[in-house]
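Here is a friendly walk through one protein model, written to be read with the structure open beside you. We will look at its openings, its helix packing and its charged pairs.

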Amino acid sequence: MSVPMKWAIAAVVAALFVLPSWGSAYAISFLVSMFMYVALAGSWNLFSGMTGYASLGQGLFFGLGAYAFGVATVLLNWHPAAGIVLAAVVSGTGAVLLGFVLLTTRIRVAYFAIVMLGFNEVAKTVVANIKAIGSSSGLTIPPLSSNLIAYYFLLVLAVGVTAMAYVIKRTRWGLGLKAILADEVAAEVTGVGTVAHKMLMFVLSAIPIGLAGSMIAWYWSYIDPYMAFDLALSFEMVVMAIFGGVGTVMGPVLGAVIMSVVKEGLSTSIPQFHTIVFGVLVLVLIIWCPGGVIQVVDALRRRLKGPAAGGTVR
């Protein structure tokens, strides 16, 4: 990533921090959703994009974070800040327990994706049958005093996840992850601690997703098992990361931003057919350019500046 690109990103982030002073309520609402998707896609990419273990059930941690926050604030009468901390602890602990079950064994990548999907559905069913936490009726949570709390929280979370990916990819730990992605067996033979690498990235992926779940539960003022553990959310974070460029730093950001904008535009212009058109557009790009939007951007930069152009937006 070139220096001008870093300055451009810093300028965009600074503009987003001051935007609420003149932005409309609609703009704030849209950006809250977009920041959530950036954080979710980036978090999925931290583990699946950097290790090759594609997960179709990372939304499990979103639900765990949402319910941890709901239980803390509604049933235990904790301060919301404590509820957010509990959400991080619960989602991180859940990732550690699942990691010991799934990542310490040589489970195949395809099986890992399916097993994670299954765990998400099991959690949904279990929560829906526990009366103490509202069962299928869910929990009503005291609302935010201002939507700007969600705006800034999710903006910082999205920036933090992206910065984490940038730092990790430029460390020795990142080189180990690159080796695992290329060939896990060969990486282990050469001395890379494959289990430790996978476990840490799994936990680092789960915690931000849980934090996003806690804030969105507070923002919605209501959660139920079908919203908190919605499989559509798991699939959306996967598709956004792939659409932008899996395994890259800026790919999930571009994927989440572009898909959020396009989806919002289609839903307002052609509400009856927006899901069909949106799905076709995503399929066309992924088939035409498997590397995602980031690959298209890099190709355009090379064509405009010539082969001597240095740096990428990755």
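Which helices each supply at least two residues of the lining of the largest pocket? They are helix H1 (3–18), H2, helix H6 (147–169) and helix H12 (251–269). Please keep in mind as you look around that this is a predicted model.

**The pocket and the cavity**

Let us stay with the largest pocket for a moment. Its volume is about 660 Å³, and 24 residues line it. If you would like to find its centre on screen, Ile9, Val13, Thr162, Met250 and Val253 are the lining residues that lie nearest to that point. H1 gives the largest share of the lining, with 7 residues. By class, the lining of the largest pocket has 22 nonpolar residues, 1 polar and 1 charged.

There is also an enclosed space to look for. Searching the whole structure turns up 1 cavity of 30 Å³ or more, and the volume of the largest cavity is about 40 Å³. Its lining is made of Val38, Gly42, Asn45, Val161, Thr162, Ala165, Thr248, Val249, Pro252 and Val253. H2, H6 and H12 each supply at least two of these lining residues. By class, the lining of the largest cavity has 6 nonpolar and 4 polar residues, and no charged ones. Thr162 and Val253 line the cavity, and Thr162 and Val253 are also among the residues nearest the centre of the largest pocket.

**How the helices pack**

Two packed helices are described by the angle between their axes and the distance between the axes. Here are three pairs to compare by eye.

| Helix pair | Angle | Axis distance |
|---|---|---|
| H2 (25–51) and H11 (231–244) | about 75° | 8 Å |
| H2 and H7 (172–182) | roughly 55° | within 7 Å |
| H6 and H9 (194–220) | about 170° | 10 Å |

Take H2 and H11, whose axes meet at an angle of about 75°; that makes H2 roughly perpendicular to H11. From H2, the contact uses Met36, Tyr37, Leu40, Ala41 and Trp44, while H11 brings Leu233, Glu236, Met237, Val238, Met240 and Ala241. This contact counts 10 nonpolar residues, no polar ones and 1 charged residue.

H2 also packs on H7, with the axes crossing at roughly 55°, so these two helices are oblique to each other. Here the contact joins Gly49, Met50 and Thr51 of H2 to Leu177, Ile180 and Leu181 of H7. Its residues are 4 nonpolar and 2 polar, with no charged ones.

Then there are H6 and H9, which pack at an angle of about 170° and are therefore roughly antiparallel. On the H6 side you can pick out Asn147, Ile149, Ala150, Phe153, Leu154, Leu157, Val161, Met164 and Ile168. They meet Met201, Leu204, Pro208, Leu211, Ala212, Met215, Ile216, Trp218 and Tyr219 in H9. By class, this contact has 17 nonpolar residues and 1 polar residue, with no charged ones. Val161 of H6 takes part in this contact and also lines the largest cavity.

**Charged pairs**

How many salt bridges does a search of the whole structure find? The search finds 3. One that is easy to locate joins Lys124 to Glu121, with the closest N and O atoms 3.3 Å apart. Both residues sit in helix H5 (residues 109–128), 3 residues apart, which is about one turn of the helix.

Technical notes: Residues numbered from 1 in each chain as written. Predicted model: local features only at pLDDT ≥ 70, side-chain atom pairs only at ≥ 80, totals over all residues. Heavy atoms only, no water. Axes fitted to C-alpha atoms, helices over the stretch in contact; angles between N-to-C directions. Helix = DSSP H or I, 4+ residues; strand = E, 2+ residues; numbered from the N terminus. Parallel < 35°, antiparallel > 145°, perpendicular 65-115°, else oblique. Contact = heavy atoms within 4.5 Å. Nonpolar A, V, L, I, M, F, W, Y, C, P; charged D, E, K, R; others polar. 1 Å grid on protein atoms, 1.4 Å probe; cavity = no way out; pocket = protein on both sides within 12 Å on 5 of 7 lines; lining within 4 Å. Points joined across faces, edges and corners; volume = space filled by probe spheres on them. Salt bridge = Lys/Arg side-chain N within 4 Å of Asp/Glu carboxyl O.
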